[in-house]
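Please open the model in a viewer and follow the stops below in order. Each stop names a selection and then describes what is found there.

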Amino acid sequence: MPNDDKSRQKFIAGSVSIATIFGIPVRLHFTFILLLVFLVFIGVGGQQSGATTALYIVALFASVLLHEVGHSLVARHYGIHTLEIVMFPIGGVSRPERQPKASEEVWIALAGPTVNLLIALGLLAWVAARQGFVALTLLREPTDANLAERIAFGNLTLFLFNLLPAYPMDGGRILRSVLALRRPEEEATRVAAGAGQVLAALLGLAGLLWGNFILVFVALFVYLGASQEGMAARGRILTSGFPVHAAMISDFRTLQHGETIRDAGNLLLATSQHDFPVMHGESVIGLLTRSALVRAMLTDGPDAYVSSAMDREYARVSPDAPLTEALPLVSGTGACALVMDDEGKLKGMLTSENLSEFILLRQAALAQSKAHPQ
Ligand SMILES: [Zn+2]
């Protein structure tokens, strides 16, 4: 957001902060922790020591992290800062503060897999210089002796896997950027996300047939990612060029700070609104969300004041800000941001619900103008 640090602090849910690299916060998604547990679980009992298993996992973790750092550093080269790196099981996700242009995205997307290729080649060169290559089949059995080869092999897998043309993976991003050179961006995204979903379905099928459940898990992840990214990208395209006030709710109800939770509950029932700005006279002092209302009803009872239950740290956005930039603020289900001008005067509300309605209308208008060109 312009002049708004709120969106920078909005992290991907379900993740914990672990470190900062090149000024970028690194966070661990809880599914990654599940994977670590799983890897330790299947790693125990082989012909390798516990220390080697730990080393192998740490090395793969570092490889995935360096992959993301590769993306981030090339993005920085184009002046795009990375808000956070979140480590998911099939790779990290680095969240850029803005969407790169197609020509920039090719290089940013290539940077990650290149890091893995370099790590693999470096390790293999080191192994070859030391003892010569071992047969590939020997890598199936993890031992302490072939640790370096297995890390190299892991990096080669990361390299190839990320280059699969399945949006939102790097290969899919490259595909999308190349398509976007000749077609409208919306179409490029749709094709790349569609390819991602088809590929994910094939991967999932292969995983089921081979009884490889990691593959099924990965396929599911790619599938969800592709549909989510496809939708997010469509949202960005359909909202671009519009200011926030074009999509905000301008007809809404507010609460005064002296009103009670009972009053708020009545208003919740009487209107279709879920969130209520809490006012002190003309100025906003907080936002009462539906979940905070219900929580207050349970803990404090209906006679408590709304001002004790409201959120003082609510998302706010200027009415003239580009709508595209406000998308991250209301990306979660039920999310709500208050639209306020420079003097702090409340102008409207932006919710995920009415934003998706805005997008639906835009889509219909576009389809109509394509079907009946003027
Ligand atoms: Zn990547």
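**Stop 1: the metal site.** Select the zinc ion together with H67, H71 and D170: the ion is coordinated by H67 (NE2), H71 (NE2) and two OD donors of D170, at 2.0 to 2.6 Å. Donors are N, O and S atoms within 2.8 Å of the metal (3.2 Å for Na, K and Ca), and because water is not among the atoms, sites may look incomplete. The model is predicted: local features need pLDDT of at least 70 and side-chain atom pairs count only at pLDDT 80 or more, whereas totals for chains, interfaces and linings use all residues. Residues are numbered from 1 along each chain as its sequence is written, and side-chain values use heavy atoms, leaving out hydrogens and water.

The angles among the 4 donor atoms run from 55 to 147°, and the site is irregular. Four donors count as tetrahedral if all angles lie between 85 and 135 degrees; four count as square planar and six as octahedral if opposite donors are over 155 degrees apart and all others between 65 and 115; anything else is irregular. Along the chain, the donors follow the spacing H-x3-H-x98-D.

**Stop 2: helix α3.** Select residues 50-77, where H67 and H71 are 4 residues apart and therefore separated by about one helical turn. Helices (H or I, at least four residues) and strands (E, at least two) are DSSP runs, numbered from the N terminus. H67 is buried at a relative accessible area of 3%, and H71 is buried at 5%. Buried means under 20% relative accessible area, exposed over 50%, and partly exposed in between (1.4 Å probe, protein chains only).

**Stop 3: N155.** Moving to helix α5 (residues 147-162), select N155. Is N155 buried or exposed? N155 is buried, with a relative accessible area of 0%. Leaving aside neighbours within four places in sequence, N155 is in contact with S63, N116, I119 and A120; contact means heavy atoms within 4.5 Å.

**Stop 4: helix α6.** Select residues 170-180. The buried residues of α6 include D170, G171 and G172, and the buried residues of this helix pack against α3, α4 (102-131), α5 and α7.

**Stop 5: the loop at D251.** Finally, select D251, in the loop between α8 (213-239) and β5 (255-256). D251 is exposed, at 71% relative accessibility. Add M349 to the selection: its C-alpha atom and that of D251 are separated by 8.8 Å, with the two residues 98 apart along the chain.
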